[in-house]
Amino acid sequence: MSRVLNERIESIEKIAKSIYRMTVKSEYISANARPGQFANVKCSEGINALLRRPISICDVDKDRGTFDIVFQIKGIGTEYLSQKRVGSEVDLIGPLGSPFHISEEYKRIAVVGGGIGIFPLLYLLKEMKEADKSAFLGFRSSDYVVMTEEFESASDRLSISTDDGSMGYKGIITDLLAEDIADRGFDIIYTCGPMPMIRKVKDMAQKAGIKCQVSLEQRMGCGIGACLVCACKTGKPDNWEYSHVCKDGPVFWSDEVVLDD
Amino acid sequence: MSRVLNERIESIEKIAKSIYRMTVKSEYISANARPGQFANVKCSEGINALLRRPISICDVDKDRGTFDIVFQIKGIGTEYLSQKRVGSEVDLIGPLGSPFHISEEYKRIAVVGGGIGIFPLLYLLKEMKEADKSAFLGFRSSDYVVMTEEFESASDRLSISTDDGSMGYKGIITDLLAEDIADRGFDIIYTCGPMPMIRKVKDMAQKAGIKCQVSLEQRMGCGIGACLVCACKTGKPDNWEYSHVCKDGPVFWSDEVVLDD
Amino acid sequence: MTEKNIDLSVDIAGLKLENPVIGASGTFGFGREFADYMDLNRIGGISVKGLTLEKRQGNKPPRIAETPAGILNSVGLQNPGVKAFIENEIPFLRKFSTKIIANIAGNTIEDYCSMAEQLSDADIDAIELNVSCPNVKKGCVAFGNSTAGISEITGKVKKYCKKPLIVKLTPNVTDVKEIAVAAEDAGADAISLINTILGMAIDIHRKRPILANNVGGLSGPAVKPIAVRMVYEVASVVKIPVIGMGGISSGEDAVEFMLAGASAVMVGTANFINPTACVDVVEGIKNYLKMYNHSSVYEIIGKLQLN
Amino acid sequence: MTEKNIDLSVDIAGLKLENPVIGASGTFGFGREFADYMDLNRIGGISVKGLTLEKRQGNKPPRIAETPAGILNSVGLQNPGVKAFIENEIPFLRKFSTKIIANIAGNTIEDYCSMAEQLSDADIDAIELNVSCPNVKKGCVAFGNSTAGISEITGKVKKYCKKPLIVKLTPNVTDVKEIAVAAEDAGADAISLINTILGMAIDIHRKRPILANNVGGLSGPAVKPIAVRMVYEVASVVKIPVIGMGGISSGEDAVEFMLAGASAVMVGTANFINPTACVDVVEGIKNYLKMYNHSSVYEIIGKLQLN
Ligand SMILES: Cc1cc2nc3c(=O)[nH]c(=O)nc-3n(C[C@H](O)[C@H](O)[C@H](O)COP(=O)(O)OP(=O)(O)OC[C@H]3O[C@@H](n4cnc5c(N)ncnc54)[C@H](O)[C@@H]3O)c2cc1C
Ligand SMILES: Cc1cc2nc3c(=O)[nH]c(=O)nc-3n(C[C@H](O)[C@H](O)[C@H](O)COP(=O)(O)OP(=O)(O)OC[C@H]3O[C@@H](n4cnc5c(N)ncnc54)[C@H](O)[C@@H]3O)c2cc1C
Ligand SMILES: Cc1cc2nc3c(=O)[nH]c(=O)nc-3n(C[C@H](O)[C@H](O)[C@H](O)COP(=O)(O)O)c2cc1C
Ligand SMILES: Cc1cc2nc3c(=O)[nH]c(=O)nc-3n(C[C@H](O)[C@H](O)[C@H](O)COP(=O)(O)O)c2cc1C
Ligand code: FES
Ligand code: FES
């Protein structure tokens, strides 16, 4: 169950070009959030940035009763959010959405993240304590590379790519996944990021016969399944229907969703 | 000439029930503002409280390069303004409007203020250094009585009334003015406050043959004379036209304005 | 005055609401989605997501764009169809005292009549005729933007409708008064308004409309002054009750509509930002009545004095 | 790309503007009021406060109410009359390179014709026919909300008008396209839209409308999506240039209108909040063109691609 909460901001920090990390005190979220879930955040007061913005839960510290979100400034909502101050409160609803499927059967896992899609994967890695974990993270350029140390320590091996080669492998991250996929034989691949990347990972997993979960994005209204705006196709390409990212997702089995155009 | 300014808030303090005093650093305003003028203040960012709010300049410290405004929370604009923090900036245009007429000929003056109308009168008193000054201030109740010490020291004598008698004279402030008007024979009366009070002061001054200036309020759009929304009648009751509070006023000679309903 | 003296109940052409606040169609799902956040017994009614004869998938996403103090939506009536609604949703909603309003939309007048007939035998409390949805290619708003259209559809549906019939008007017209009068004359038991206002938002970087459907319906605080004006206009020309909506997010907003002549209000977009918006509006109305010593909402309905 | 390569000039039916940004009528006074805050040479044009044949006092105050992301106004065409404008205001405005658009409104068609005639001999650059002001009892919007009305007035005024004739449309209609086409067919040289949307705001404590005139016209950011949609609709049915407005307060907003088909834009309410809004919009458009390597505004006008 999710709740409307007003929680205290413990810290806010710029960690890369236009990317901020915020730690929020919340007993409720830290006790209840599962990897892959998100919070729907009122980024400013009153009618500024009217709708809430969905932001993934990136990390949870159950002992301190806090959770972290990491976000990139894209428009007015995230801009306002970045201006919040330590000690003030943030109005949010959470935890929302369906989490990643975690099971002890998954002995060797891969997470594949691109851009702002990497954030929910950190919490996922941290929660899968027993598995052998490969992390693949793709960025536009070194300017946007963040949290590598944390991903490093939360995984058994970390591969990084940038489009322009300014850090790590030059090219797209799925190239690196392709190399490993045969070698290691993952039990499951989890992916979140830009649609072309997700589509590619889905295809690769399917060809290799590996289970795969994808986390999707869509513009949202309510975040709680009431307004039906956040549609995504589920089913088969020739026999689909619209499900909803906020409630049926954001995490889906890759063979459940139709990822056209 | 007025300017669009972004100025630093030096202090903000609650001085009575729902009444706040803010000190703003501004070389430009402190050097140029005359008593009776106002600033048009953007009380919140973005589209919250979209229009600027007119607030009188209540005090100026030319040495420190600061000015003060005092405001009462009435609705969303003043509510947002009251939440501003020291060290942040406030976006304002000023100084605006026509000031009170000050002259060395005025040897004995009276200022008559009601409620939030008292604020511009403080700066006026301070600027009229040579005159003999009587101040008459009316309030709803002692909860709203503010700045008496400052008015006390800026004037030669201070009379206070409250509607409920919780402080000073019980009744309306014009009763006290009436007592003094004959005795002292003021050269000019300046007044600002609720319309019924202004109307009464205007009548009393007229009957006594004393010059009188009134400061009017009206809902504003631009504050600079462009939108024509802040209309007030000037001329004679049977031959008036609409002038504009922001530009032709807020200060008018009492015999220039028609104060019906 | 003690709280128990305040009577919030209203009677909209036989639809008896415990209080005048209704979740607006398309913004309140089928009620379930809000049950986590509030007690559904505390709101007067729920107008469910617009129903069509057959299940519909709705429009392509993105279906929403934020605009200054408002949103554009182009959901396009995604819904499970009227039969599935009757089977799967009514039983849940009936566990609560809140009244059920079935909002219906169709391609043809026959669709509307058939739905009205089926729903008249179902366990619901009123039918809201949506002839004002701007987000579907065929039907719907085409019936709602002329006096002839509204008259014909209202008259025909009325024949099949055994529940109070609320006709929901579009604001995208030159003169909403004549449309309202035509609906009243044709047998509407009540009027609700406003539906969304047709709008467009453009992604200047992609040089394309944000919504996949290009245009959508504007709702939220931005439209409130337009909605209040239209409710006032309609309430002053019809005798049947009017349900007002458009940008309501507080009790104060609701009171504006009620003074303007609305017997009840619907809360839409505000539910997205604050899932307890409906009950907050109920409390806000109650506080207002208390503050001015009113003992019934009827003491404020239509009590606006012109200047 | 260096700055000098960007050509911001537009030609609106012979009205040649150095850049596509115009101060909207009623929000920019007669230009003087903004001269303290900006160099008037830096904006393409100024549409002056709506003129009438004789001096008018306008409506009782309050004439403004703030609404969510918008304002309602009911100024009611306070102005010194067309003769005083010609004598007292044109000489000042002519000191600048900015173009002068005379916005005119009347009670009768004869009023409009007479003003058009007088202004045709005056030193102005274009005439904007205001048949869409919602704030006066007689005339004005009554001509603008039907095809017959707009056709008649446009045709008659055109006979007296020797300057480019811009017809300004009201958004308070069912189908703005047919009104625009009627204006075009009757001889309009250009269309501007939108004027304000009729609205009402209520002071719930006094139980009266805030505006002394009870209703007023809504403008500001709130109306932007409605305005963009209407500009798109009109631009896609007329061949004459369209000037877009409604809620523009940044270069990005202006670009939305231009992509939707506007050859120029007018900036209204934004001037009240930020007296340099017009030049900020000019700069914003320029930056956008630079960012996408465009060398002329014509490379974006009407270049919206539908989804
Ligand atoms: C389930 C989910 C989880 C997300 N997690 C993160 C995260 O952890 N970190 C992060 O930086 N971003 C995340 N995003 C994307 C984030 O929600 C958008 O970047 C943000 O809403 C942009 O808002 P804005 O006001 O800054 O931009 P604007 O473009 O001004 O926003 C305008 C509107 O579009 C919507 N919108 C714009 N871009 C997106 C988008 N990519 N996805 C969904 N809605 C969008 C906004 O919510 C808003 O309603 C997530 C999105 C979803 C759906
Ligand atoms: C020349 C002038 C000087 C003023 N000086 C002061 C001062 O020094 N201290 C102070 O506390 N107040 C002063 N006021 C009144 C102050 O402007 C209003 O109280 C304030 O605008 C209310 O805004 P709000 O958002 O809190 O209220 P809301 O009611 O939410 O405001 C809604 C709209 O109405 C307008 N409005 C509401 N009340 C008034 C009013 N009384 N006068 C003008 N516009 C109004 C607002 O500006 C806004 O546009 C002055 C007004 C004028 C015209
Ligand atoms: C996402 C969304 C979906 C809607 N779907 C419907 C619908 O199915 N049927 C209907 O009559 N109105 C529908 N509406 C209109 C609302 O019921 C309401 O008339 C409108 O949103 C104005 O109210 P508001 O400003 O409070 O949202 C929808 C509105 C939104 C925002
Ligand atoms: C205070 C005010 C006065 C106006 N007066 C006129 C007018 O005299 N003539 C006219 O054609 N439009 C008038 N308008 C309408 C504007 O020119 C413009 O069409 C409208 O405000 C929408 O643009 P905006 O949202 O940028 O303000 C007025 C608008 C306002 C706010
Ligand atoms: S955002 Fe409302 S249903 Fe998903
Ligand atoms: S507020 Fe615009 S003219 Fe006075």
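Visitor: I'd like to start with one residue. In which strand is P95(B) found?

Guide: P95(B) sits in strand β7 of chain B, which covers residues 89–96. Do keep in mind that this is a predicted model.

Visitor: What kind of peptide bond joins P95(B) to G94(B), and how do I read it?

Guide: The general idea is that most peptide bonds are trans. Now the case here: the bond joining G94(B) and P95(B) is cis, and its omega is about -10 degrees. Chain C offers another example, where the bond from P61(C) to P62(C) is cis with omega near -5 degrees. P62(C) is placed in a loop, the one between β4 (45–47) and β5 (64–67) of chain C.

Visitor: And phi? What is the phi of N293(C)?

Guide: Again, the general idea comes before the case: most residues other than glycine have a negative phi. N293(C) is not a glycine, yet its phi is positive, near 60 degrees. You can find N293(C) in the segment after α10 (277–291) of chain C. In chain D, N293(D) also has a positive phi, near 60 degrees, and N293(D) lies in the segment after α9 (277–291) of that chain.

Visitor: Let's turn to helices. How do I describe two that pack together?

Guide: Two packed helices are described by the angle between their axes and the distance between the axes. Try α5 (residues 147–160) and α6 (residues 176–185) of chain C: their axes come within 8 Å and cross at roughly 25 degrees. Angles under 35 degrees count as roughly parallel, so α5(C) is roughly parallel to α6(C). The crossing is right-handed.

Visitor: Which residues of α5(C) and α6(C) meet?

Guide: From α5(C) come T147(C), I150(C), S151(C) and T154(C), and they meet E178(C), I179(C), A182(C) and A183(C) of α6(C). Sorted by class, this contact has 4 nonpolar, 3 polar and 1 charged residues.

Visitor: May I try a pair in chain D? At what angle do the axes of α5(D) and α6(D) cross?

Guide: In chain D, helix α5 spans residues 176–185 and helix α6 spans residues 224–235; their axes come within 9 Å and cross at roughly 50 degrees. Because of that angle, α5(D) and α6(D) are oblique to each other. Here too α5(D) passes α6(D) in a right-handed crossing. V176(D), K177(D) and A180(D) in α5(D) meet M230(D), E233(D) and V234(D) in α6(D). By class, that contact has 4 nonpolar, no polar and 2 charged residues.

Visitor: Now for whole chains. By what turn can chain D be laid on chain C?

Guide: The idea is to look for the turn and the shift that carry one copy onto the other. A turn of 180 degrees, with a shift of 0.0 Å along the axis, lays chain D on chain C with an RMSD of 0.0 Å. The two copies are thus related as by a two-fold rotation axis.

Visitor: How many residues of chain D and chain C are in contact?

Guide: Contact involves 49 residues of chain D and 49 residues of chain C. About 4100 Å² is buried between these chains, with carbon and sulfur atoms giving 62% of that area. On the side of chain D, I204(D), K207(D) and N307(D) supply 18% of the area it buries against chain C, more than any other three residues.

Visitor: Why can we say that the copies meet through the same surface?

Guide: Because 100% of the interface residues of chain D are interface residues in chain C as well.

Key: Residues are numbered from 1 along each chain as its sequence is written. Chains are lettered from A and ligands numbered from 1 in the order in which they are written. This is a predicted model: local features need pLDDT of at least 70, side-chain atom pairs count only at pLDDT 80 or more; totals for chains, interfaces and linings use all residues. Side-chain values use heavy atoms; hydrogens and water are left out. Copies are superposed by least squares on the C-alpha atoms of residues with pLDDT of at least 70 in both. Contact means heavy atoms within 4.5 Å. Axes are lines fitted to C-alpha atoms, for helices over the stretch in contact, and angles run from 0 to 180 degrees between N-to-C directions. Helices (H or I, at least four residues) and strands (E, at least two) are DSSP runs, numbered from the N terminus. Angles under 35 degrees count as roughly parallel, over 145 as roughly antiparallel, 65 to 115 as roughly perpendicular and the rest as oblique. A crossing is left-handed if the near helix is turned anticlockwise from the far one by less than a right angle, and right-handed if clockwise. Ala, Val, Leu, Ile, Met, Phe, Trp, Tyr, Cys and Pro count as nonpolar, Asp, Glu, Lys and Arg as charged, and the others, Gly among them, as polar. Buried area is the accessible area (1.4 Å probe) that two parts lose on being put together, summed over both.
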